[in-house]
Amino acid sequence: MNIKPLADRVVIKPTPAEEVTMAGIIIPDSAKEKPLKGEVVAVGNGTKDEEMILKPGDTVLYGKYAGTEIELEGEKILIMRQSDVLATL
């Protein structure tokens, strides 16, 4: 994937949502819980006020509605500001 975020933005690949089935009931994608964990794929250079502390390969936790979800090369990714990341694992 060839993408370079600008300023204090990071690109995150969300971990796949866990499929939980109960007694043979298939849960549709729209009802699955949105994952809140992912892997940092690319980072920007930061800003003069906020240096970039995340790096590619970091596993991070982020807010439920954080970032903008886009599809690039058939993969769903999130682009968000570094400040929207809650923690690293």
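Where is Ala7 placed? Select Ala7 and you will find it in the segment before S1, a good spot to start the tour. Before moving on, note that this is a predicted model, in which local features need pLDDT of at least 70 and side-chain atom pairs count only at pLDDT 80 or more, while totals for chains, interfaces and linings use all residues. Residues are numbered from 1 along each chain as its sequence is written, and side-chain values use heavy atoms, with hydrogens and water left out.

**Stop 1: Ala7**

Check the backbone of Ala7: its phi is near 50°, a positive value in a residue other than glycine. Most residues other than glycine have a negative phi. Ala7 counts as partly exposed because its relative accessibility is 31% (buried means under 20% relative accessible area, exposed over 50%, partly exposed in between, with a 1.4 Å probe and protein chains only).

**Stop 2: the whole fold**

Now switch to a cartoon view. The protein has 0 helices and 6 strands, and reads β-β-β-β-β-β along the sequence. Here helices (H or I, at least four residues) and strands (E, at least two) are DSSP runs, numbered from the N terminus.

Colour by strand to see an open sheet of 6 strands in the order S4-S5-S1-S2-S3-S6, with antiparallel pairing. The edge strands are S4 (68–72) and S6 (85–88), each pairing on one side only. From one strand to the next, the twist averages 45° (axes are lines fitted to C-alpha atoms, and angles run from 0 to 180 degrees between N-to-C directions). Two strands pair if DSSP finds at least two bridges between them.

**Stop 3: across the sheet**

Begin with S4 and S5, which run antiparallel and are joined by 5 bridges. Pick Thr68 and look across to its bridge partner in S5, Ile79. These two strands form a hairpin with 2 residues between them. Select Glu73, in the loop between S4 and S5: its phi is near 55°, a positive value in a residue other than glycine. Glu73 counts as exposed because its relative accessibility is 59%.

Next, show S1 and S5, an antiparallel pair with 4 bridges. Val10 stands opposite Met80 in S5. Then move to S3 and S6, which are antiparallel and joined by 3 bridges; here Tyr62 has Val85 in S6 as its bridge partner.

**Stop 4: the nonpolar core**

Which residues make up the largest nonpolar core? Select Val10, Ile12, Val40, Val43, Met52, Leu54, Val60, Tyr62, Ala66, Leu78, Met80 and Val85, 12 residues in all. A nonpolar core is a set of buried Ala, Val, Leu, Ile, Met, Phe, Trp, Tyr and Cys residues joined through side-chain atoms within 4.5 Å. Strands S1 (9–14), S2, S3 and S5 (75–81) each give two or more residues to this core.

**Stop 5: Met52 and Gln82**

Zoom in on Met52, found in the loop between S2 and S3. Met52 counts as buried because its relative accessibility is 16%. Draw a distance from its C-alpha atom to that of Arg9: they are separated by 8.8 Å, although the residues are 43 apart along the chain. Leaving aside neighbours within four places in sequence, the contacts of Met52 (heavy atoms within 4.5 Å) include Ala7, Val43 and Gln82.

Follow that contact to Gln82, in the loop between S5 and S6. Is Gln82 buried or exposed? Gln82 is buried, because its relative accessible area is 6%. A polar atom of the Gln82 side chain lies 3.1 Å from the backbone oxygen of Glu51. Such a polar contact is a pair of N or O atoms within 3.5 Å; within protein, one must be able to donate a hydrogen and the other to accept it, and residues adjacent in sequence count only if both atoms are side-chain atoms.

**Stop 6: Asp58**

Finish at Asp58, in the loop between strand S2 (37–43) and strand S3 (59–62). Asp58 is buried, because its relative accessible area is 13%. Its side chain reaches the backbone nitrogen of Lys55 at 3.0 Å. Beyond its neighbours within four places in sequence, Asp58 is in contact with Gly38, Glu39, Val40 and Ile53.
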